[in-house]
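Let's take a walk through this structure together, one piece at a time. Have the sequence and the 3D view open as you read.

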Amino acid sequence: MEEDTDYRIRFSSLCFFNDHVGFHGTIKSSPSDFIVIEIDEQGQLVNKTTNEPIFKISEIQPEPSNFPKKPKPDLQNLSFEDGRKQEVNTLVKYTDGDQNHQSGSEKEDTISDGTSKCEEKADVLSSFLDEKTHELLNHFACGIKEKWLSKTELIGPPPEFSIGRILDKNQRASLHSGIRQKFPFLITVGKNSEIIVKPNLEYKELCHLVSEEEAFDFFKYLDAKKENSKFTFKPDANKGHRKAVHHFVNKKFGNLVETKSFSEMNCSAGNSNVVITVRFREKAHKRGKRPLPECQEGKVIYTAFTLRKENLEMFEAIGFLAIKLGVIPSDFSYAGLKDKKAITYQTMVVRKVTPERLKNIEKEIEKKRMNVFNIRSVNDSLRLGQLKGNHFDIVIRNLKKQINDSTNLRERISEAIENVKKKGFVNYYGPQRFGKGRKVHTDQIGLALLKNEMAKAIKLFLTPEDLDDPVNRAKKYYRQTEDAKGTLSLMPEFKVRERALLEALHRFGMTEEGCIQAWFSLPHSMRIFYIHAYTSKIWNEAVSYRLATYGARVVEGDLVCLDEDVDDENFPNSKVHLVTEEEGSADTYAIHQVVLPILGYNIQYPKNKVGQWYHDILSSDGLQTCRFKVPALKLNVPGCYRQILKHPRNLSYQLIEDHDIDVKMKDPHLDEVALSLLISFDLDSSCYATVCLKEIMKHDV
């Protein structure tokens, strides 16, 4: 395969999924034309202050005042059935977990504390199911219970009941949870947007060990997934029986919960009973092995905040904050990277800094077009991907029709948006993933690291562009002299990564070991970023090849995701299915279910021409024996899967006439009045708004 050294050419040649004509326009005319707001795991926009509701219930759907909490289940299907335009703060959706994160003071709650919330979840069934389906579901549930109570063994495959196809992902999620909360002895599975209800055989098995009341409450507890909550079985003096309960819970749910036995406090002497307590496992994320001073004294300090930045690279912002707070960049954690030429809002966590100390620099950082707010203490740092997605408010200016297009511009815009809203867009990684350099892109650095070419990776990192500015003058000096100390004196202070790397090179030299130490001067998230850039580039090329070879058909050897509600890349091999010849012929799966692997050591490849393409490209890049581990830099790349298509959610748009623009309309491709397009939508994490816009406009943005 012939290699193309200019990624811009490759990105502009990426294929489209829709067949509309599109239009021309300009994005990011100014940072305020491109606003990015992170959506946290609870579905809340992070630009809102913590004591302020994300939206006003009365603006959406009035409810009787004596039921103040009832609207929550109904919010899940807002603006999905119709195309109503909503304000930014009405675009957020609450997930089922929101009701279980009401207050930090609810730690150590037992399951009984959540009873009213579970009942509220059950009301979802009345909201989303018609009366007949609801009645049939109740009848199916009663039939299962009657068979179990009568000790009648189920012969053949377990009975099933279909709720039908639910196209809206949020409604499906609400129904899955609502059914399991109301009927813990049932399970739900999704298949091609259809919800199927079956008996929960694990529930029946637990009923042989504990009372049905305990089994009922235990499975409700499991489904609620309430953080820091616990569940306690009834006191039990029989050690052998307790052992059987421990074994059952750990065997079936050991990756989710842990069990411990405690002596009951109020037992009479000589006849002590013991209770089994179940807790959700902590989401432990491994840290560096270097001990911190705070760890020796007790607890490490973590402070969370929302960062607003304007026209500023994220790593530059972190570097500036680190200098002002007296910490290092690796003390900051975040859920995702954000655009530079934009106004962006995102949550960050900094360790070893108190909330008071962060508040003290608020005025100082405003000079760098940054603000921090929602400052509060938390228990842990963030990890990449720990978000639900991003909300975008974008202005596209200078709208024009394509050359030789005689159709009305407004019609073209409406056609394009509705097409992508319905059919989706190819889920490419955007060009910002690969850097803005013309000579070197981040994926090239990642490839060198994967091949253990440390010195080459350093030289690529410090390659200058053909620009005359302080940063590139410093890089040119290094390229000519390899004088790390002299280059350091020329490199601007805000270029934190470059300076850290140069300081290490000055200290350790340009030897193999020196280059390794230089890379270790960057935080792990930055080292792995370059390798992810390479695997992202390969994925982009793979999906183009897949669509060019097989189109929108799902064929034998394709990989599909069996979980209908996956919205990120972190799902295991067990949820990935290899399409058989029979399934391909029967059109069992749809194109939106197809996934492609992102390179790593723990993935499977498609068993068709696409799989062979992967092996060929790895061979041409010299990675045919690569295990996707770089021990010298402590980098492991297990790989994952990415859906080839995505859909924008909560999409709304508005055309505005630019009456105040003094332009003579002599261009035949312009309508009589100049137009700008205001468009708002949500995307899942790791999806790119520029890619979605490119599909809409059929034009580079």
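Before we start, one bit of vocabulary: an axis here is a line fitted to C-alpha atoms, for helices over the stretch in contact, and angles run from 0 to 180 degrees between N-to-C directions. Keep in mind, too, that what you are looking at is a predicted model.

Now find helix α14, residues 442-450, and helix α15, residues 454-461. Their axes come within 8 Å and cross at roughly 165 degrees. Angles over 145 degrees count as roughly antiparallel, so α14 is roughly antiparallel to α15. As for handedness, the crossing of α14 past α15 is left-handed. Which residues of α14 and α15 make the contact? On the α14 side they are Q444, I445, A448 and L449, and on the α15 side M454, K456, A457, L460 and F461. Sort the residues of this contact by character and you get 7 nonpolar, 1 polar and 1 charged.

Stay with α14, since there is another helix to meet. The axes of α14 and α20 come within 7 Å, crossing at roughly 105 degrees. Angles of 65 to 115 degrees count as roughly perpendicular, and α14 and α20 are therefore roughly perpendicular to each other. From α14, the residues involved are T442, D443, I445, G446, L447, L449 and L450. They meet R527, F529, Y530, I531, A533, Y534 and K537 of α20. This contact divides into 9 nonpolar, 2 polar and 3 charged residues.

Helix α20 also leads us on to a sheet. Look for an open sheet of 4 strands, in the order β16-β15-β17-β20, with antiparallel pairing. Why is one side of β16 and of β20 left without a neighbour in the sheet? Both β16 (576-578) and β20 (640-643) stand at the edges with a single partner strand each, so one side of each has no neighbour there. Going from one strand to the next, the twist averages 50 degrees. Zoom in on β17, residues 594-598, and you'll see that β17 pairs with β20 in the antiparallel sense over 4 bridges. Within that strand pair, I598 has C640 in β20 as its bridge partner. And here α20 comes back: spanning residues 524-550, α20 packs on the sheet and touches β17 and β20. The direction of α20 makes about 145 degrees with that of β17.

Next, jump to lower residue numbers for another open sheet. This one has 3 strands in the order β3-β5-β4, again with antiparallel pairing. Its edge strands are β3 (161-165) and β4 (186-191), each pairing on one side only. The twist here averages 20 degrees from one strand to the next. β3 and β5, the latter being residues 194-199, pair in the antiparallel sense over 4 bridges, and R165 stands opposite E194 in β5.

Which helices lie across β3, β4 and β5? One is α4, residues 131-149, which runs at about 155 degrees to β3. Another is α5, residues 169-182, which runs at about 160 degrees to β4.

One last stop comes from a database record. An unreviewed UniProt entry lists residues 396-423 as a "coiled-coil region". In the model, that span is 54% helix and 21% strand, and its end C-alpha atoms lie 22 Å apart.

Note on methods: Residues numbered from 1 in each chain as written. Predicted model: local features only at pLDDT ≥ 70, side-chain atom pairs only at ≥ 80, totals over all residues. Heavy atoms only, no water. Pairing = 2+ DSSP bridges. Helix = DSSP H or I, 4+ residues; strand = E, 2+ residues; numbered from the N terminus. Contact = heavy atoms within 4.5 Å. Parallel < 35°, antiparallel > 145°, perpendicular 65-115°, else oblique. Left-handed = near helix turned anticlockwise from the far one by under 90°. Nonpolar A, V, L, I, M, F, W, Y, C, P; charged D, E, K, R; others polar. UniProt positions renumbered as here; feature names shortened; annotations may be inferred.
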